[in-house]
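Colleague: I would like a close look at one part of this model, with each term explained as it comes up. Please take your time and connect that part to what surrounds it.

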Amino acid sequence: MKLFGKGFLVGVATTLGTLAGLAFAFKKTVVEPIEEREAELDEHRRRALRKSRSAHQG
């Protein structure tokens, strides 16, 4: 029974570690590029708005 308990705990720890690694990899490969692209588009929008306002100043 002692061996079963150790094996069970090792299995649970391994599974949790794997899930944490998958979540981290998903965030790095999917979520962060989307957020970076959104920030870049937002910067372009702000720049275009400034250009359009300055073009009509006078």
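In which helix do Glu-43 and Arg-46 both lie, and how many residues apart are they?

Modeller: Glu-43 and Arg-46 both lie in helix α1, three residues apart, which is about one turn of the helix. Before going further, please keep in mind that this is a predicted model, in which local features need pLDDT of at least 70 and side-chain atom pairs count only at pLDDT 80 or more, while totals for chains, interfaces and linings use all residues. Residues are numbered from 1 along each chain as its sequence is written, and side-chain values use heavy atoms, with hydrogens and water left out.

The side chains of Glu-43 and Arg-46 meet in a salt bridge, with 3.2 Å from N to O (a side-chain nitrogen of Lys or Arg within 4 Å of a carboxyl oxygen of Asp or Glu). Glu-43 is partly exposed, at a relative accessible area of 25%, and Arg-46 is partly exposed as well, at 41% (buried is under 20%, exposed over 50% and partly exposed in between, with a 1.4 Å probe and protein chains only). Glu-43 also forms a salt bridge with Arg-47, where the closest N and O atoms are 3.8 Å apart. Arg-47 and Glu-43 are separated by about one helical turn because they are four residues apart in helix α1. Salt bridges that share partners join Asp-42, Glu-43, Arg-46 and Arg-47 into one network. As for Arg-47, a relative accessibility of 43% makes it count as partly exposed.

The spacing has a general background: an α-helix has 3.6 residues a turn, so residues three or four places apart point the same way. Arg-37 and Glu-40 have such a spacing, since both lie in helix α1, three residues apart, and their side chains meet in a salt bridge with 3.4 Å from N to O. Arg-37 is partly exposed at 43%, and Glu-40 is partly exposed at 38%. The structure holds six salt bridges, the ones described here among them.

The helix that carries these residues can now be viewed as a whole. For the 54 residues of α1, the expected span is 80 Å, and its end C-alpha atoms are 78 Å apart, which agrees (the expected span is 1.5 Å times one less than the number of residues; helices are DSSP runs of H or I with at least four residues, numbered from the N terminus). At Lys-27, α1 bends by about 35° (the angle between axes fitted to the seven residues ending there and the seven starting there). Lys-28 lies in helix α1 too, and at 43% relative accessibility Lys-28 counts as partly exposed. Between the C-alpha atoms of Lys-28 and Ala-55, which are 27 residues apart along the chain, the separation is 40 Å.

Finally, Phe-4 is found in helix α1, which covers residues 2–55, and Phe-4 is exposed, with a relative accessible area of 58%. Being four residues apart in helix α1, Phe-4 and Phe-8 are separated by about one helical turn.

Key:
Helices (H or I, at least four residues) and strands (E, at least two) are DSSP runs, numbered from the N terminus.
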